[in-house]
Amino acid sequence: MTLALIVRLALICLLLTLIMFCAAQVETADEMEQDSIFEPSYLSYDDIYRDFTQKKMCKRCHPAIWREWERSMHAKAWEDPIYQEAASQVEDREKKCDPCHAPEPILITGIGKMPKLRAEDRKYGVSCIVCHIDAHGAMHGPHKSENPMYHANVTSEAHAKPTELCATCHGQPSVPEHNQVDSFKNSPAAEKGLNCASCHMPAVKRQLSVHTYETVTVRRHTWAGSRSVSKLKSAVNLKVVRTEGKATVRLTNKAGHLLPGDALRAIILEVKIADSSGTVNRDEQVLISALSSKPETSRLLPGETRDFVYSLSDTETIEVKLRYRLTPTTPETEWVTMAEGSQ
Ligand code: HEC
Ligand code: HEC
Ligand code: HEC
Ligand code: HEC
Ligand code: HEC
């Protein structure tokens, strides 16, 4: 064999290899296009569901969010003893109650649609995947995450301004007891452009995941509500104004919705009127709740100011306390003081 022939053969081989390599490249690009973002390297819905229940997988990469969620009422939505006690008295609970307290992922059932009851793993209540996963296993969130690992990411307006997302469970017209969204829609907070997350998922700067280097503005997954003393204190403004022969107790609802927010709760206005010797002349409790049939003791609308007027002689003083009762059986020693005033 001459040297020229060897060189020619080697060149042909090189050319063939090149052609094969290019063809292979074209094929993968085609496959990727067909599969859009759901590359085979991302896990499927079933894989992620299994990893969530068996390994609490989200915790590894989103530990701060996990810790917050774990302590929230969403994590306890199923095991919560107050819920279990109430639901146990409902004959048709699997239809009427359980679907929102242990739901299937709501992006699959549909945002705004009545959630469906999960067949299994109910103890996780309203879990990470209930709010984030779609049928392909991709996580929807407000950020334009470009370096996904483990799961695919989809940028979602529904998460950036989540009132409609929350309304899936907190705004079903057929469940008025647990509806905060309808009253919110006509609130001063909505007028100001706030949404449910503005007050219940405070903004904080931190990494999106343990694999992220830069710090961005994200939201805490705490959902403080009626178990938080500071939240309860921020819900109302109480003023006592004394004028000729009377005292006016003025309550203003500063929450984003009806106060109290749930039909089971009550706020109690305690009024004590005493004379200068300390003798109590009037001592009463006014119960404000969804159970009341009178307009003056019905729940306060968002932004509403309501006056309670008491006659008061020159020698008398008035002391007022506003207290919060979680359920009708909560003992008085556990009621939370929301505000106080005197004149
Ligand atoms: C549309 C979804 C939905 C359905 C259906 C539903 N709930 Fe709820 N439930 C919620 C939401 C959201 C909350 C939290 C907000 C609130 O308290 O209003 C809640 C809170 C509760 C609480 C308060 C728990 C606590 O510890 O404070 C009880 C009790 C409760 N639900 C019982 C029931 C019962 C009983 C049924 C069936 C008759 C039921 N729920 C049906 C969504 C639902
Ligand atoms: C009740 C629904 C709900 C649940 C449950 C929930 N999230 Fe979120 N999550 C949201 C919303 C709404 C946002 C968008 C917040 C924002 O605007 O930044 C969000 C944002 C995120 C983000 C992006 C960072 C941020 O705050 O913007 C990550 C990551 C995330 N969630 C992970 C999780 C994990 C992990 C869990 C479980 C431990 C979880 N989420 C549970 C509703 C939920
Ligand atoms: C192996 C690590 C890893 C695991 C496990 C993981 N994530 Fe993520 N997640 C990431 C990374 C990385 C990002 C993108 C962060 C970035 O862009 O900086 C992300 C982003 C997100 C986002 C934001 C999407 C967006 O664009 O706004 C959500 C929501 C989210 N993850 C939810 C979850 C949930 C729920 C679980 C558990 C089922 C989970 N993740 C498990 C690594 C992980
Ligand atoms: C301006 C701030 C603000 C906005 C906006 C807001 N909330 Fe609230 N929310 C509060 C305060 C304060 C409380 C505590 C008072 C109470 O429990 O009624 C509260 C309580 C709650 C509770 C507990 C109710 C109960 O009785 O246990 C739920 C559930 C809730 N909010 C859901 C929502 C949802 C859903 C939205 C969006 C439609 C929303 N909130 C918008 C301030 C706000
Ligand atoms: C899939 C249904 C579901 C979605 C979506 C959902 N929640 Fe909830 N939420 C619940 C249930 C059920 C509870 C009550 C758990 C309990 O007390 O047993 C709850 C409890 C709460 C509480 C605590 C109430 C208390 O008693 O203090 C707050 C605050 C809250 N949710 C706010 C939100 C906000 C804000 C959003 C939207 C980002 C949201 N939720 C989305 C079902 C949901």
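Trainee: Which residue in β9 is the bridge partner of R250?

Mentor: Happy to start there, and please keep in mind that this is a predicted model. Strand β6 (residues 246–253) runs antiparallel to β9, and 7 bridges join the two. In β9, R250 has as its bridge partner D307.

Trainee: Does β9 lie largely in the open or is it enclosed, and how many of its residues are buried?

Mentor: A residue counts as buried if 20 or more other C-beta atoms lie within 10 Å of its own. Strand β9 covers residues 305–311 and lies largely in the open, because the number of buried residues among its 7 is 0.

Trainee: How many helices and strands does the chain have?

Mentor: Let's take a wider view. The chain has 343 residues, and 26% of them count as buried. Its elements are 15 helices and 11 strands.

Trainee: What is the order of the strands in the open sheet of 4 strands?

Mentor: The pairing in this sheet is antiparallel. Its edge strands, each pairing on one side only, are β8 (280–289) and β11 (336–342). Neighbouring strands are turned by 15° against each other on average, direction ignored. The order is β8-β7-β10-β11.

Trainee: Which residue in β8 stands opposite K272?

Mentor: Strand β7 spans residues 266–274 and pairs with β8 in the antiparallel sense, over 9 bridges. Opposite K272, in β8, stands D283.

Trainee: Why is α11 said to be largely enclosed by the rest of the structure?

Mentor: Have a look at its residues: T163, L165, C166, A167, T168, C169 and H170 are buried. What covers them includes α7 (98–101), α8 (106–109), α9, α10, α12 and α14. Helix α11 is largely enclosed because the buried residues number 7 of its 8.

Trainee: Which element gives the largest share of the shell around ligand 4?

Mentor: This shell has 26 residues, and C196, C199, G256, G261 and D262 come nearest to the ligand. The elements giving two or more residues are α11 (163–170), α12 (181–185), α14 (196–200) and α15 (229–234). By class, the shell has 12 nonpolar, 11 polar and 3 charged residues. The largest share, 4 residues, comes from α14.

Trainee: Between which domains does ligand 4 lie?

Mentor: Here the shell itself gives the clue. Residues come to it from both domains, so ligand 4 lies between domain 1 (45–219) and domain 2 (229–342).

Trainee: Which element gives the most to the shell around ligand 2?

Mentor: Around ligand 2 there are 24 residues, with C58, W69, C128, C131 and V218 coming nearest. They divide into 16 nonpolar, 7 polar and 1 charged. At least two residues each are supplied by α4 (63–71), α9 (128–132), α10 (157–160) and β4 (216–219). The most, 4 residues, come from α9.

Trainee: How far apart in space are Y42 and M149, C-alpha to C-alpha?

Mentor: You can find Y42 in the loop between α1 (3–35) and α2 (45–55). Leaving aside neighbours within four places in sequence, Y42 is in contact with G137, H151 and A152. In sequence, Y42 and M149 are 107 residues apart, but in space their C-alpha distance is 7.4 Å.

Trainee: Is Y42 buried, exposed or partly exposed?

Mentor: The count of other C-beta atoms within 10 Å of Y42 is 19. Buried needs 20 or more and exposed 12 or fewer. That makes Y42 partly exposed.

Definitions and conventions: Residues are numbered from 1 along each chain as its sequence is written. Chains are lettered from A and ligands numbered from 1 in the order in which they are written. This is a predicted model: local features need pLDDT of at least 70, side-chain atom pairs count only at pLDDT 80 or more; totals for chains, interfaces and linings use all residues. A residue is near a molecule or strand if its C-beta atom, placed from the backbone, lies within 6 Å of it. Ala, Val, Leu, Ile, Met, Phe, Trp, Tyr, Cys and Pro count as nonpolar, Asp, Glu, Lys and Arg as charged, and the others, Gly among them, as polar. Domain bounds come from an automatic or database domain assignment. Two residues are in contact if their C-beta atoms, placed from the backbone, lie within 7 Å. Two strands pair if DSSP finds at least two bridges between them. Axes are lines fitted to C-alpha atoms, for helices over the stretch in contact, and angles run from 0 to 180 degrees between N-to-C directions.
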